[in-house]
Amino acid sequence: MPTNDNCRLTFFKWGIVLVFLAAYPSPPGWTAQKFFPFDKIEKGLRGHGLTVFEGTRVEEFPVEVIGILPNIAPRRNLFLVRLQGEKAARWGVASGMSGSPIYLDGSLAGALSYTWNFSKEPVAAVTPIHEMLDLLGEFPERKAASLPPASTESQIKLLFRPERLVDYFNRYLERTRPLSLPGGFPLGNLAIPIAFSGIEPAAIPGLPEQFERSGFLPLPASTGPISRILTPPAGAVPAGGTNELQPGSAVAVKLIRGDVEVSAVGTVTHVDGDQVLAFGHPFLNLGSTDLPMALAEVQTLLSSYSSSFKFATPLQDVGSIHQDRMAGLAGRIGQEPAMLPVRLEIELPGDRTQEYRFEVVETPYLSPYLMYIALNGILSSAWKEFGEATVEIQEGSTFLLAGNRENVTLRNLFAGPTSPYTASATIAFIYHVLIGNEFEPVKVSGINLRLRYVEEPRIARIDRIWCDRDTVRAGETVSLSVAMRPYREPGVTRSLEIQIPEETRPGKLLLQVGDGLSMSRREHSAPEMVPRDLDQLILLINHLRTNDKVYVLLTREEGETVIRGERFSHLPLSRASVLL
């Protein structure tokens, strides 16, 4: 009978066979495997790697160890390999090969992880496999990375300046540093391909540049409707391929799925049962997370002097990624990730209506930005990208909150050439404020949006305002007139009656007329006018002034007190001093 290092058979003369098994330590949750220890790796060792060059068929490529990099950071090591063979000579180390398993002497030694841009030779750095196996340690699972603490006051003030929200999201990923060796040694573009389907990255201001600076490579891709964790039907993958994850398979981490999709593409390093290791380096180093994991099909490889890359298309979901850390990604097959469903209905010129359905990962750091690029991409492609336009967030737009919380309702109007960006940024930022609030966790169970797209700007200018008199008694009514000039239309005048409250004391009153944003900025300019709990935050969002109305605000220049975010006018000094 054959023997190996893990099993020794002893034969006794009376024909009884006794089996003695040597118990070798294995990583938690894994069956006994042959892994090549890092301290045994030396220059000159030869082996092979696995990856997909086309379709879903895994192929071998020869490698040779050319260097060792121990202790480049605490408990972090790398070794260097030179890729060999015809494909390595043609494409070098391509983006999308991150995680390709490297075998030495028949044992798994690590995952191809890093490279150098414009290298004359196909040289890559490899993350040792035992560092990746540590991802299966005692880390909490299915916990979304939280947002960094932010001041509610600063967020509310930014909400009243939508023109700044576009720039906020255009710089959103700047906190994400490019891929680098642990310890800060920069590496070149073994960038992570990001496959976009249903979204044109170039149509979103700053997206390509922001992604590239963060170590990603945005690329177009095609995909179908939302796919769940199912057994793939026959013929779902190309001939000669496979519909199961295996070492060397192309794998996609889906960030948005549905009518629009955004996925990060890499390679599977190791599979044991339902557990998967991939990438060999972080995606965003989110820690414990919950991201859809899917098969991927490589359409082709594009050769480049800078860095070649894979064009890949995500296929059906197979599980979820629950760890995103320095040594790579860890996932589990058959586990359904939590997702945020979004339904979007757009009314377009010509009495046409389009409906989109997609899901966004529930990761607080990423979800608001993903919401922004999904809405922005849909609006840009639904009608046009440049020129004057008006986008209206209509009645019925709702954030559905789990539990007994009041739902968040949205309604507003944005006009001008940047209106699609501003509308998208406002919706995404409100979601950002909700899930990142400083008071208590919020679970958004779904989002329904109804938008209306008009091809011309629906704007007007206030020419003048006047009252029928400038002296009035408490309880009397003043007639106010507002003359406005809409864009390329005849001027109009609107009149309304303003009743002075009976309790108004003698003195000077200030009457202000303007749009919703101007009024909100003034009213919330005081630091005290910020929500003090989640209920007040939801109340504030649900009562945001809209841009399609003219507001009239009557105030006194003194005698007003703010207590716990609420205004109290004309309080006696004795009462105000006690309450404060």
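This is a short talk on the strands, one helix pair and the largest pocket of a predicted model.

Okay, let's begin with the barrel. Six strands close up here in the order E3-E4-E5-E8-E7-E6, and the pairing is antiparallel. Going from one strand to the next, the twist averages 45°. If you want a place to look on screen, take E6, residues 101-104, and E7, residues 107-115: those two run antiparallel and are joined by four bridges. One pair to click on is Tyr103, whose bridge partner in E7 is Leu108.

Now over to the other sheet I picked out. This one is open, with three strands in the order E22-E23-E24, again with antiparallel pairing. So which strands stand at the edges? Those are E22, 460-467, and E24, 492-499; each has a single partner strand, so one side of each has no neighbour in the sheet. The twist in this sheet averages 25° from one strand to the next. E23, residues 477-486, pairs with E24 over eight bridges, in the antiparallel sense. Zoom in on Met484 and you'll find its bridge partner in E24, Val492.

Right, helices. The pair I'd like to show is H4, residues 162-170, and H7, residues 419-435; their axes come within 8 Å and cross at roughly 75°. With a crossing angle like that, H4 counts as roughly perpendicular to H7, because the window for that runs from 65 to 115 degrees. What sort of residues make up the contact? By class, we've got nine nonpolar, three polar and no charged residues where H4 meets H7. On the H4 side, you can pick out Pro162, Leu165, Val166, Tyr168 and Phe169. Facing them from H7 are Tyr421, Thr422, Ala425, Thr426, Ala428, Phe429 and His432.

Last stop, the largest pocket. Its volume is about 960 Å³. There are 32 lining residues, and if you head for the centre, the closest ones are Arg458, Ile459, Ala460, Asn547 and Asp548. How does the lining split by class? It comes out as 17 nonpolar, six polar and nine charged residues. So while the H4 and H7 contact has no charged residues, the pocket lining has nine of them.

That's my tour, thanks.

Terms used. Residues numbered from 1 in each chain as written. Predicted model: local features only at pLDDT ≥ 70, side-chain atom pairs only at ≥ 80, totals over all residues. Heavy atoms only, no water. 1 Å grid on protein atoms, 1.4 Å probe; cavity = no way out; pocket = protein on both sides within 12 Å on 5 of 7 lines; lining within 4 Å. Points joined across faces, edges and corners; volume = space filled by probe spheres on them. Nonpolar A, V, L, I, M, F, W, Y, C, P; charged D, E, K, R; others polar. Axes fitted to C-alpha atoms, helices over the stretch in contact; angles between N-to-C directions. Parallel < 35°, antiparallel > 145°, perpendicular 65-115°, else oblique. Contact = heavy atoms within 4.5 Å. Pairing = 2+ DSSP bridges.
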